[in-house]
Amino acid sequence: MIYLDYQATTPVAPEVARAMEPWLEGRFANPHSPSRWGHEAAAAVEVARKQVEKSLGLKGGNIAFTGSATEALNWALKGTVEKAPKGRDRIITVATEHAAVLDTCEWLAERGVDLTILPVQADGRLDLDLLARELDERVLLVSIMMVNNEIGVRQPLTAISEMVHKVGAIMLSDAVQAFGRVELCNGPDLVAVSAHKIHGPKGIGALWMRKGSEPAPLIHGGGQEQGLRSGTLSPMLCVGFGAAAKLADERCTRDYDHVQKLWSAAVKELGEGWVINGSVEHRYPGNLNIRREGVDAARLIADLRDLAFSLGSACASGSGRPSHVLRAIGLDYREARSSIRLGFGRYTKQHELVEACTRIAAHAVAQEKLDA
Ligand code: PLP
């Protein structure tokens, strides 16, 4: 199996697995209990918290652990609406956001929030003049992701945050695909991340909150996480997240250079006839989303079962619907259906990626001949 689905999830780093292991069985104490064992578990959680915060590199706030980035995004959106000052009832987001943002915003719109979903340009980038025209004193929050999970396109979040702050609104960013891969943009007040996208365990995420921008709690109970997110923390998952974040911090440049080389090798090997979906310039290079006239991407995936790659996104692949992101950048139904996403990273070997591209290209040509 050649694994090329790094946007869906990443392999757990061996260092992470080793760090987590003692906390699964022997060191099982509740980190919120007053025993010595409890204190030890709590100390491990705090070390992990600092590792994640250091790796994020954001100033003026701290994180609360959550069960996933989906939870962090739900909390950021719903909890901010819960605390909204009178007269601020608008949320602005973008058509290419993850379902964790879009579906939550739609849910809020059904309950009275005035929702604006902005289109993107053909390269997947937001037109900042369009955003400027939408911003006013009624805007409570703007939610825009840093790196898109389907097409890898990066948005200029530092500039966007400045615009949002000028009207006194809160800037939320889904940094799930950016964290550990590119330097995070300073500016957003709330930032959601997930461990399993940075070679950590599944089942843990975090919301970074600038001081003063904390959303109201959604989950009530024991008052953990500064009273903002109740529920017993898992020291094993926190330690794994911390170890993954530390590793990402140490290896950031090396991993990025590796991914850049992989991108060039893949593009060269695929050869003529493929179009890259989304901006090439403003992009994380570990995401190669491509299409080819006449290709049936679903058939390609079914024929090449020992290669793990995906249609536009893991979610869209499951539903059978063409990806909303590809539709938002102007692809018609047929173009979206002929698109695949190759995602690679730290542990991808160049020769494996090249082999996969050779086979994908050959199968696409064979499909063309068969259908001619
Ligand atoms: N946002 C983006 C951009 C993602 O790629 C994902 C995961 O697919 C999520 C949010 C949700 O993250 P989690 O799996 O931690 O809920």
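**Figure 1. Val193 has Ala206 in strand 8 as its bridge partner.** Welcome to a predicted model, in which local features need pLDDT of at least 70 and side-chain atom pairs count only at pLDDT 80 or more, while totals for chains, interfaces and linings use all residues. Residues are numbered from 1 along each chain as its sequence is written, and side-chain values use heavy atoms, with hydrogens and water left out. Helices (H or I, at least four residues) and strands (E, at least two) are DSSP runs numbered from the N terminus. Strand 7 (residues 190-194) and strand 8 (residues 205-210) pair in the antiparallel sense through 5 bridges; two strands count as paired if DSSP finds at least two bridges between them. Elsewhere in this view, Leu190 stands opposite Met209 of strand 8. Strand 8 also pairs with strand 2, again in the antiparallel sense, over 6 bridges, and here Ile63 has Trp208 in strand 8 as its bridge partner. How many of the 6 residues of strand 8 are buried? The count is 5, so strand 8 is largely enclosed by the rest of the structure. Buried means under 20% relative accessible area, exposed means over 50%, and partly exposed lies in between (1.4 Å probe, protein chains only).

**Figure 2. Seven strands make an open sheet with mixed pairing.** Follow the strands in the order 2-8-7-6-5-3-4. Strand 2 (61-66) and strand 4 (114-118) are the edge strands, each pairing on one side only. From one strand to the next, the twist averages 20°. Helix 2 (residues 36-56) packs on this sheet, where it touches strand 2, strand 7 and strand 8, and its direction makes about 120° with that of strand 2. Helix 4 (residues 99-110) lies across strand 3 (90-94), strand 4 and strand 5 (139-143), running at about 155° to strand 3. For these angles, axes are lines fitted to C-alpha atoms, for helices over the stretch in contact, and values run from 0 to 180 degrees between N-to-C directions. As background, strands of a sheet pair through backbone hydrogen bonds, either parallel or antiparallel.

**Figure 3. A second open sheet has 3 strands in the order 9-10-12.** Its pairing is antiparallel. Strand 9 (275-276) and strand 12 stand at the edges with a single partner strand each, so one side of each has no neighbour in the sheet. Strand 10 (residues 287-291) is joined to strand 12 by 5 bridges. Two of the bridge partners in strand 12 are Arg341, which is matched with Asn289, and Ser339, which is matched with Arg291. In a regular strand the side chains alternate between the two faces of the sheet. In strand 12, Ser339, Arg341 and Gly343 point one way, while Ile340 and Leu342 point the other way, and all are buried. With 5 of its 5 residues buried, strand 12 is therefore largely enclosed by the rest of the structure.

**Figure 4. Helix 12 (residues 350-371) has 22 residues.** From its first C-alpha to its last, helix 12 reaches 32 Å, close to the 32 Å expected at 1.5 Å a residue; the expected span is 1.5 Å times one less than the number of residues. Which residues of helix 12 are buried? They are Leu353, Ala356, Cys357, Ile360, Ala361, Ala364 and Gln367. These residues lie on the same side of helix 12 because they cover an arc of only 130° around the axis, the arc being that of the directions from the helix axis to the C-beta atoms. The face turned away from this buried side carries the exposed residues His351, Lys369 and Leu370. The buried residues of helix 12 pack against strand 1 (2-3), helix 7 (235-270), helix 8 (297-303), strand 11 (307-308) and strand 12 (339-343). Contact here means heavy atoms within 4.5 Å.

**Figure 5. Gly294 sits in the loop between strand 10 and helix 8.** Gly294 is partly exposed, at 47% relative accessibility. Leaving aside neighbours within four places in sequence, Gly294 is in contact with Gln367 and Asp371. Its C-alpha atom and that of Val365 are separated by 9.5 Å, though the two residues are 71 residues apart along the chain.

**Figure 6. The disulfide count comes to 0.** A disulfide is a pair of cysteine sulfur atoms within 2.5 Å. Cys105 is buried, with a relative accessible area of 1%. Cys185 is in no disulfide, and the nearest cysteine sulfur, that of Cys252, is 13 Å away. Cys185 counts as buried too, at 16% relative accessibility.
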